[in-house]
Amino acid sequence: MEHVLQGLHHITAIAGDAKTNFKFYTEVLGLRFIKKTVNFDDPHTYHFYFGDEIGSAGTILTFFPWGAGIPQGRRGSGMATEIGYSVPKGSLDFWIKRFEEHNVIYNKPATKFGEKYVTFLDPDGLKLELIEVEDNRKPWITNEVAIEHATRGFHNITITLNDIKGTSHVLTDIFGYKLVSKEINRYRYVIDTVEHASIVDLVELPEEKRGHVANGTVHHVAFRVIDDETLMYFREKVEAAGLNITPQIDRNYFHSLYFREPGGVLFEIATDNPGFTVDESVEDLGKNLKLPAQYESRRSELENHLVKLN
Ligand code: ZN
């Protein structure tokens, strides 16, 4: 079988207060909370996962909520600067009304590449977009966010760079994306192995100051492969391009590799296997604190330390 990369897997960002983050994404945006676990490198902080019903690749937004009062990050070059979700055509009016009701900061709708979108900020200042596009993925719905409005998963990710050359090379020559269009300084790359979550936009701003990763910014962008064999195929390709890449790391819900692309953004490649139902049933996803084996013996200490969400 041909080894292919299949668009976005997940996007991970930094948040402040855990409860504020949890409420915004589950209540205001209407995503499903699919996993409550800890940062494997620092078990005193949470790692939250939000997505569709089962946490399908291409719908997963994850956060490290470091706690209220952490330093604010700054969007800039060498960083993923906007996270784009697809929503049904005609749904932006609903979302704008919702943003008004919940005091969400947003911009008036605009259009790029022929698609109508609205930009908004989460409570920590993370920049997201809702884009009206055809998308047949089955959404997670809630009492307040019905099927005709619900987000379908990622549409695109935007990366801001002083010079797009090195990043463009990774996308096209290593990952298999193609440059399909350009609007002013925004270059749109699409991969044709998947229907959705298939777009990366590179924005070139030569004078833009370097971004600073802290509260309200994206930590890394993960791309999707189907299995471990494909993961290791891409590891060789990244290495052959002269870039440093980690060994395979077990993230419990997927297996990962990390490397910093030439533009400065931390990229991850992650597998579909084993998925979020490895330690909980679909029905119970996100209900209980799940700990990796190495921290299970410290469960009561960690549970006491971590903020209650409900
Ligand atoms: Zn990740």
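Which residue just after α3 takes a positive phi? Glycine 176 does, with a phi of about 100 degrees. Here are some more exercises in that style.

Before you start: this is a predicted model, where local features need pLDDT of at least 70, side-chain atom pairs count only at pLDDT 80 or more, and totals for chains, interfaces and linings use all residues. Residues are numbered from 1 along each chain as its sequence is written, and side-chain values use heavy atoms, with hydrogens and water left out.

**Exercise 1: the zinc site**

Task: find the protein donors of the zinc ion and work out where two of them, histidine 220 and glutamate 268, sit.

Solution:
- Step 1. Donors are N, O and S atoms within 2.8 Å of the metal (3.2 Å for Na, K and Ca); water is not among the atoms, so sites may look incomplete.
- Step 2. The protein donors of the zinc ion are His10 through NE2, His220 through NE2 and Glu268 through OE, and they lie 1.9 to 2.0 Å from it.
- Step 3. Along the chain, the donors follow the spacing H-x209-H-x47-E.
- Step 4. Histidine 220 belongs to strand β13 and glutamate 268 to strand β16, so this pair, 48 residues apart, links distant parts of the chain. Helices (H or I, at least four residues) and strands (E, at least two) are DSSP runs, numbered from the N terminus.
- Step 5. Histidine 220 and glutamate 268 are both buried. Buried means under 20% relative accessible area, exposed over 50%, and partly exposed in between (1.4 Å probe, protein chains only).

**Exercise 2: the helix α4**

Task: check the span of α4 (residues 228-240), then sort out its buried and exposed residues.

Solution:
- Step 1. The expected span of a helix is 1.5 Å times one less than its number of residues.
- Step 2. For the 13 residues of α4 that gives 18 Å, and the end C-alpha atoms are 18 Å apart, which agrees.
- Step 3. Thr230, Leu231, Phe234, Arg235 and Val238 are the buried residues of α4.
- Step 4. Looking down the axis of α4, these buried residues fall within an arc of 150 degrees, so they line one face of the helix. The arc is that of the directions from the helix axis to the C-beta atoms.
- Step 5. Glu229, Glu236 and Ala240 are exposed on the other side of α4.
- Step 6. Here's the background: an α-helix has 3.6 residues a turn, so residues three or four places apart point the same way.

**Exercise 3: backbone oddities**

Task: describe the backbone at asparagine 103, alanine 197 and proline 274.

Solution:
- Step 1. Keep the usual case in mind: most residues other than glycine have a negative phi, and most peptide bonds are trans.
- Step 2. Asparagine 103 is not a glycine, yet has a positive phi of about 55 degrees. You'll find asparagine 103 in the loop between α2 (92-101) and β6 (110-112), and it is exposed, with a relative accessible area of 70%.
- Step 3. Alanine 197 also isn't a glycine, and its phi is positive, near 55 degrees. Alanine 197 sits in the loop between β11 (186-190) and β12 (199-204), but at 2% relative accessibility it counts as buried.
- Step 4. Asparagine 273 and proline 274 are joined by a cis peptide bond, with omega about -5 degrees. Proline 274 is part of strand β16.

**Exercise 4: empty space**

Task: describe the largest pocket and the largest cavity.

Solution:
- Step 1. On a 1 Å grid over the protein atoms alone, a cavity is a set of points where a 1.4 Å probe fits but cannot get out, and a pocket is an open set with protein on both sides within 12 Å along at least five of seven lines; lining residues have an atom within 4 Å of a point.
- Step 2. Grid points are joined across faces, edges and corners, and a volume is the space filled by probe spheres set on the points.
- Step 3. The largest pocket holds about 410 Å³ of space. Its lining has 21 residues, with Phe22, Phe33, Gly286, Leu309 and Asn310 nearest the centre.
- Step 4. The elements giving two or more residues to that lining are α1 (18-28) and β2 (32-39).
- Step 5. Searching the whole structure turns up 1 cavity of 30 Å³ or more. The largest cavity has a volume of about 70 Å³, and among its 13 lining residues, Leu31, Gly51, Asp52, Thr151 and Gly153 lie nearest its centre.
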